[in-house]
Amino acid sequence: FAGGNSLRDYDPLIKAARNLPDIQFRLVTTRLNNRTDIPANVKVGGEPYPEFIRLMRASSVVVVPVVKGLQRNAGMATLLNAMLLEKPSIANESLGVRDHLEDGVTGFVVDGSPEDYEKAIRWLFDPANADAVAEMGRKAREVVVNDFTYEKHLDGLVDNMQEVIAKFFEKN
């Protein structure tokens, strides 16, 4: 499963899917609706939000393929939802990803190349890794439940405001 329209780069994932013909991919996005080069094992198309979440919940793996080189983060809501659902997740290196995902522990951070997506997907689908994959999902959920709470978000905002105020008074 991969989904979202904003700032996604599906091309490397589609290239990886070509080398993984036995794995079915569901890309929930309207950005690919007019493409004619989609492999047979990849289904594309937009869905309403409840169906987006149902498909994510039913998936084995969630991939968040974000455009490289952004000066802002993108895809973090999709990533956190996947982690909360205990889905093994793959995200390419981009701003904010490592604030959420610990490579090899709560998911995989890849370089965004088709080869790196393919390598991570093969590992996650290898039956020999089933126990490690399940543990990765459990750890991912634990991180979201413990570290990404509303209270911790507010505490972080207050800390940031206090830091800005302190710097302002140091200068004045």
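**Helix H3 and its surroundings**

H2 passes H3 in a right-handed crossing, a term used when the near helix is turned clockwise from the far one by less than a right angle (anticlockwise would be left-handed). Helices (H or I, at least four residues) and strands (E, at least two) are DSSP runs, numbered from the N terminus. The structure is a predicted model, in which local features need pLDDT of at least 70 and side-chain atom pairs count only at pLDDT 80 or more, while totals for chains, interfaces and linings use all residues. Residues are numbered from 1 along each chain as its sequence is written, and side-chain values use heavy atoms, with hydrogens and water left out.

Two packed helices are described by the angle between their axes and the distance between the axes. For H2 and H3, the axes come within 10 Å and cross at roughly 50°; axes here are lines fitted to C-alpha atoms, for helices over the stretch in contact, with angles running from 0 to 180 degrees between N-to-C directions. H2 is therefore oblique to H3, given that angles under 35 degrees count as roughly parallel, over 145 as roughly antiparallel, 65 to 115 as roughly perpendicular and the rest as oblique. On the H2 side, Tyr49, Phe52, Ile53 and Met56 meet Thr78, Asn81 and Ala82 of H3, contact meaning heavy atoms within 4.5 Å. Sorted by class, this contact has five nonpolar, two polar and no charged residues. Here Ala, Val, Leu, Ile, Met, Phe, Trp, Tyr, Cys and Pro count as nonpolar, Asp, Glu, Lys and Arg as charged, and the others, Gly among them, as polar.

H3 also packs on H6, where the axes come within 7 Å and cross at roughly 120°. Leu80, Met83 and Leu84 of H3 meet Gly137, Ala140, Arg141, Val143, Val144 and Val145 of H6. That contact splits into seven nonpolar residues, one polar and one charged.

Within H3 itself (residues 76–84), Met76, Thr78, Leu79, Leu80, Ala82 and Met83 are buried; buried means under 20% relative accessible area, exposed over 50% and partly exposed in between, with a 1.4 Å probe and protein chains only. The partners of these buried residues are strands E1 (2–3), E4 (62–64) and E5 (89–92), along with helices H2 (49–58), H4 (97–100) and H6 (130–147).

Turning to the cores, Leu13, Phe25, Leu27 and Ile90 touch the most other members of the largest nonpolar core, which has 23 residues. A nonpolar core is a set of buried Ala, Val, Leu, Ile, Met, Phe, Trp, Tyr and Cys residues joined through side-chain atoms within 4.5 Å. Two or more residues each come from H1 (11–18), E2 (25–28), E6 (108–110), H5 (114–125) and H6. A second, separate core of 21 residues includes Val64, Leu79, Ala91 and Ala140. Setting aside neighbours within four places in sequence, Leu13 is in contact with Ala2, Phe25, Leu27, Val63, Pro65, Tyr117 and Ile121.

The loops hold a few oddities. Most residues other than glycine have a negative phi. Leu7, in the loop between E1 and H1, nevertheless has a positive phi of about 55° and is partly exposed, with a relative accessible area of 28%. Glu86 sits just after H3 and takes a positive phi of about 65°; this residue, in the loop between H3 and E5, counts as partly exposed at 36% relative accessibility. Gly45, by contrast, counts as buried at 10%.
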